[in-house]
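Reader: I would love a close look at one part of this model, seen in the setting of the rest. Could you pick a spot and walk me through it in plain words?

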Amino acid sequence: MASEFEIIEQYFSFSNNNVLASAPASSIVVGVGDDAAWLKLGSEHLLVATDTLVSAVHFPADAEPADVASRALNVNLSDFAAMGAVPQWLTLALTLPDNDEQWLSKFSASLARGCAKYGVSLVGGDTTRGPLTVTFTVMGVPATARTSVASDDPSFTVPSLDGAHCLCRSGAQTGDEVWVSGSLGKGAAALQMITQNHSARAAWPLTDRQRENLHAAFYAPVPQLGLGKALVGVANAAIDVSDGLLADAGHLASQSKVMLELNGDALPMHPALASLSDVALAREWMLSGGDDYELLFTVPKKDHDKVVMLARTAGVACTLIGKVVDCAEYDEKHGESVILNGDGWEKPSASGFKHF
Ligand code: ADP
Ligand code: MG
């Protein structure tokens, strides 16, 4: 049976043939397969990303409308963070089970707050009746017009056009360091806490503060836009951790045609997982839980100190978790594009969330 990613590759990647390295007046610089599409219109550049959140799939059916709006918006903006791009405009396709005005007013107020906070304008959309589904399409521009340092390197695969540059999944180079922002495991932990779907394994003591943190991590995940922007011209490749660390590391590796070697012992664990007595479960949440919306990125070794500096300036903890290695016998179909080292670390059987 076809997986989500096989479906995309088999049925919806046909326009990728039109991706042109020597971009003509209007063209696709980066099409299907990255966190956002990167389009060129004359001398201007446009980035576009879309994400759908379905009730009872991406958030509990009884979630507060304000929380649904902030989660949907921030998750979408996270893809822009992963591109190092600046979001500017937004459309909203909203499917509602009914016209509950109280719900709408809370949803709208929260969305308006989010738009103001991140400087994006809602410019269109569609409103229909059906099971609650929220789809945002975010549009924006590259963060910078600085000349890509890496474009001098003939093996470098990330486009840099007219000085515009974005972070792509495809630029990782053998020898790069692999970094991740923030902490891991909070998305899965929050889901457990919110759905109270506690198996004996997953029951763990949480302080009120930790509960608040996890609630916020789930319903208002912070899109790492500042860090993403700062990484442009420094990182060779980036992706946001939405499906799960191993799954997203796999996407980055396959787009870059490299392998990633990760050190489990180095992974930054969210503090709320510390009191979980089942260590294997905590590890599973960090590796494949997903919904963390942190940036996973690769940087040339020589730029190690730059990352330390820019992370400090952006106010985001960043952790070195591995390295990019060559893959002479690379075979993404076998899922071997990510190697996991560390004391007793094993890959969970499911590496990340997949709809199919
Ligand atoms: P992300 O987790 O960053 O949102 P996805 O895993 O949802 O990315 O999608 C992977 C890539 O496939 C993205 O480039 C996305 O735009 C593309 N994609 C997903 N679904 C479709 C579709 N139905 N048609 C065309 N492209 C798609
Ligand atoms: Mg993404």
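Author: Happy to! Let's start with Lys 257, which has a relative accessibility of 57% and so counts as exposed; that word stands for over 50% relative accessible area, buried for under 20%, and partly exposed for what lies in between, with a 1.4 Å probe and protein chains only. A word on the ground rules: this is a predicted model, where local features need pLDDT of at least 70 and side-chain atom pairs count only at pLDDT 80 or more, while totals for chains, interfaces and linings use all residues. Residues are numbered from 1 along each chain as its sequence is written, chains are lettered from A and ligands numbered from 1 in the order in which they are written, and side-chain values use heavy atoms, with hydrogens and water left out.

Lys 257 sits in the loop between helix 7 and strand 11 (259–263); helices (H or I, at least four residues) and strands (E, at least two) are DSSP runs numbered from the N terminus. Its phi is positive, about 55°, although Lys 257 is not a glycine. Most residues other than glycine have a negative phi. This positive phi comes just after helix 7.

Now look at helix 7 itself. Helix 7 covers residues 245–256, twelve residues in total, and runs 16 Å from its first C-alpha to its last, close to the 16 Å expected at 1.5 Å a residue; the expected span is 1.5 Å times one less than the number of residues. Eleven of the twelve residues of helix 7 are buried, leaving the helix mostly covered. Among those buried residues are Leu 245, Leu 246, Asp 248, His 251 and Ser 256. Lys 257 in the loop that follows, by contrast, is exposed.

A second residue makes a good companion to Lys 257. Ala 56 also has a positive phi, about 75°, and is not a glycine. Ala 56 lies in the loop between strand 3 and helix 2, and its relative accessibility of 59% makes it exposed. Within strand 3 (residues 44–54) you will find Thr 52, which is partly exposed at a relative accessible area of 35%. Thr 52 and Ala 72 are 20 residues apart in sequence, with 7.6 Å between their C-alpha atoms.

For your bench eye, the bound molecules come next. Ligand 1 is surrounded by eleven residues that split into four nonpolar, two polar and five charged; here Ala, Val, Leu, Ile, Met, Phe, Trp, Tyr, Cys and Pro count as nonpolar, Asp, Glu, Lys and Arg as charged, and the others, Gly among them, as polar. The residues around ligand 1 include Phe 5, Phe 12, Gly 33, Asp 35, Asp 79 and Arg 169, each having a heavy atom within 4 Å of the molecule. An oxygen atom of ligand 1 is 2.7 Å from a polar backbone atom of Gly 33. An N or O atom in the side chain of Asp 35 is 2.9 Å from an oxygen atom of ligand 1, and a polar side-chain atom of Arg 169 lies 3.0 Å from an oxygen atom of ligand 1. Taken alone, ligand 1 exposes 560 Å², of which the protein buries 68%, with areas from the Shrake-Rupley method.

Asp 35 turns up again at the magnesium ion (ligand 2), whose protein donors are Asp 35 (OD), Asp 79 (OD) and Asp 240 (OD), at 2.0 to 2.1 Å from it. Donors are N, O and S atoms within 2.8 Å of the metal (3.2 Å for Na, K and Ca), and water is not among the atoms, so sites may look incomplete. Along the chain the donors of the magnesium ion follow the spacing D-x43-D-x160-D. Asp 35 is in the loop between strand 1 (26–30) and strand 2 (37–41), and Asp 79 is in helix 2 (residues 65–83), so the pair links distant parts of the chain, 44 residues apart. Asp 35 and Asp 79 are both buried.

To finish, compare two other lysines. Lys 40 is in strand 2 and is buried, with a relative accessible area of 9%. A polar atom of the Lys 40 side chain lies 3.2 Å from the backbone oxygen of Gly 42. Lys 302, in the loop between strand 12 (295–299) and helix 9 (304–314), is exposed at 67% relative accessibility. The side chain of Lys 302 makes a polar contact with that of Asp 303 (3.1 Å); such a contact is a pair of N or O atoms within 3.5 Å, where within protein one must be able to donate a hydrogen and the other to accept it, and residues adjacent in sequence count only if both atoms are side-chain atoms.

How values were computed
Areas by Shrake-Rupley, 256 points an atom, 1.4 Å probe, with all protein chains shown as cover.
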